[in-house]
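Colleague: Can you walk me through the helix packing and the cavities in this one? Short answers are fine.

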Amino acid sequence: MQHLLNLFAAIALLVWGTHTVRTGVLRVLGEDLRRVLKQSTDNQLTAMLAGLGVTGLIQSSTATCLIASSFVGQGLIATGAGLAVMLGADMGTSLMAVVFSFDLSWLSPLLIVIGVILFTSRQATTAGRVGRVMIGLGLITLALQLIVSATRPMTQSPLVQSLLTALPNEVLLDIAVGAVLTIFSYSSLAIVLLTAALAASGILPLTVALGLVLGANLGSGILAVLSTARNGPAERRVPIGNLIFKGIGCALMLVLMPYVPAVLKGVAPYMPSPLSQVVSFHFLFNIVLGLLFIGFTRTLGARLDRWLPVPLKKGPVNRPQHLDPTALATPSLAISCAAREALHQADVVETMLRGVVTVIRTNDLTLAGQLRASDDTVDELYSAIKFYLTQISREALSEREGRRWADIVSFTINMEQIGDTIERVLQDIEDKKIRPGRSFSDAGMAEICHMHERLVANLRLGMSVFLDGQIEDAQKLLQEKAHFRDLEREYASTHLSRLQDNTPESIGTSSLHIDLISDLKRINSHICSIAYPILEAAGALTKTRLREPEAAV
């Protein structure tokens, strides 16, 4: 009983070690990993190599799949390129299984000691996050040693030996068990390493171990499909295509499985132990899978594009489109999802803003009501984004990602306030112009149109600043705040001049005109606020706009 408990504890430590490495690397290199994937998908070979490298670092092909699926959903990469990334990702996780199969007993205590020192002394820094990764690597190697030592007494038990001889030689059952274990552990790497360790201890026959390895590969594909089941059609393409490749590969291996043990024994001088045979089989399976299917990624990608088309959107959607709950396990990816949803919220605000002048010109009460109702959409999106961001662990974010988190919060607050202001403007137009049957003077209407046109351009610029964070664009946006303030003063003055000239239209709409240009200025101030975090991070802001007082004479 004690040996069995030790085995379960070692398995739990193995799963926890792989999880620690994955989260630690994502915290250190989250945005950089996403950028590498995005920039390395020009052709299928570089996309596959990028998937191999990224997964080799984060120890999880499922996490890589979520990132690639997100890029396909955003239209940043093609479905075929995403499938090539996943072929490389499977190679990456199998390569790490080979690395961990070596005797690293001398390295485990060294990694844990150094990792703990870094993590406890500098937890909030990059060095602390690197320490977390080192702890995870040390735990993986330690767990493998514990699994071997815990199973050694069990293999000597007559009861266990009789059970091993009674095991059915059924590959399909072994594959199913391996797939289920992978889904529950959320790590195919952990299951492959566990299987290899059990095979090395004699607990599992080689044929059963190979079947479990195939099941682990199939299970990782199923896990990715389940993780994206509630996402949009575009984001489900890569996991489904990857599962198709894995399924075909497992079906081919079912035919070839009777010959595999003989082949492995034939190369016994190079792979003498069952442990090395199991991990080498896992590695070779994914290498062959990648080389076999790399030429079919574009073809299958095109088929998946037709099978899972993106439905056409009709008007603004009043629900979140990009807040993927499965991405919360990968904080850098969750930040990206929140930023995309913030831009969706800004698109709704832009639709409201553009409709203001149309309502003024056409006196369309129906359109005014529809635009005012869109503010409810803006509010709902704001609440959804805010709740989503609170679910992201701030401790899991790098310093740069933490600033991005705050930028998204600030951006969505500004968009929500702009939506409220536009709703109030539309209500004033209905009450003070449309229903009383009043009109602006030609000069007054020209002024409003000019401010509105400039305001829409500033909103587009603000969205660009939020998306790209270019300092030059942020400076240009902030300059617009002063220009807009001068424009409001100029147009308020010219309006008063028209009142002195007793212009009938100006007299009838005077209150609305003054309120309108003031509200447009207020909206512009919210837009220009988008530039502050970018300029502050770059050190391009002064502490105060007040001029230094002159020294007394």
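Modeller: Keep in mind that this is a predicted model. One helix pair to start with is α15 (residues 331–362) and α18 (residues 442–468), whose axes come within 11 Å and cross at roughly 175°.

Colleague: How do α15 and α18 run relative to each other, roughly parallel or roughly antiparallel?

Modeller: An angle over 145 degrees counts as roughly antiparallel, and α15 and α18 cross at roughly 175°, so they are roughly antiparallel to each other. The contact of α15 with α18 has 18 nonpolar residues, one polar and five charged.

Colleague: OK, another pair. What is the angle between α11 and α13?

Modeller: About 120°, with the axes of α11 (residues 233–256) and α13 (residues 274–293) 11 Å apart. Those two helices are therefore oblique to each other. Their crossing is right-handed.

Colleague: Which residues make the contact?

Modeller: From α11, they are Phe245, Lys246, Ile248, Gly249, Cys250, Leu252 and Met253. From α13, they are Phe281, Phe285, Asn286, Leu289, Leu292 and Phe293.

Colleague: And by class, how many are nonpolar, polar and charged in the contact of α11 with α13?

Modeller: That contact has 10 nonpolar residues, two polar and one charged.

Colleague: Changing topic. How many cavities of 30 Å³ or more are there?

Modeller: The count comes to three. The largest cavity holds about 60 Å³ of space, and the second largest holds about 50 Å³.

Colleague: What lines the largest cavity?

Modeller: The lining consists of Gln59, Ser60, Ser61, Thr62, Thr93, Thr182, Tyr186, Ser187, Ser188, Leu189, Ser220 and Leu223. The elements giving two or more residues to it are α3 (61–74), α9 (188–201) and α10 (206–227).

Colleague: How many of the lining residues of the largest cavity are polar, and how many charged?

Modeller: Nine are polar and none is charged, with three nonpolar.

Colleague: Now the second largest cavity. Which residues line that one?

Modeller: Arg404, Asp407, Ser410, Phe411, Asn414, Phe466, Ile530, Pro533 and Ile534 do. Two elements, α17 (399–434) and α22 (531–537), give two or more residues to the lining.

Colleague: Which element has the largest share of the lining of the second largest cavity?

Modeller: That is α17, with five residues.

Colleague: And by class, what does the lining of the second largest cavity have?

Modeller: Five nonpolar residues, two polar and two charged. The lining of the largest cavity, by contrast, has no charged residues.

Notes: Residues are numbered from 1 along each chain as its sequence is written. This is a predicted model: local features need pLDDT of at least 70, side-chain atom pairs count only at pLDDT 80 or more; totals for chains, interfaces and linings use all residues. Side-chain values use heavy atoms; hydrogens and water are left out. Axes are lines fitted to C-alpha atoms, for helices over the stretch in contact, and angles run from 0 to 180 degrees between N-to-C directions. Helices (H or I, at least four residues) and strands (E, at least two) are DSSP runs, numbered from the N terminus. Angles under 35 degrees count as roughly parallel, over 145 as roughly antiparallel, 65 to 115 as roughly perpendicular and the rest as oblique. A crossing is left-handed if the near helix is turned anticlockwise from the far one by less than a right angle, and right-handed if clockwise. Contact means heavy atoms within 4.5 Å. Ala, Val, Leu, Ile, Met, Phe, Trp, Tyr, Cys and Pro count as nonpolar, Asp, Glu, Lys and Arg as charged, and the others, Gly among them, as polar. On a 1 Å grid over the protein atoms alone, a cavity is a set of points where a 1.4 Å probe fits but cannot get out, and a pocket is an open set with protein on both sides within 12 Å along at least five of seven lines; lining residues have an atom within 4 Å of a point. Grid points are joined across faces, edges and corners, and a volume is the space filled by probe spheres set on the points.
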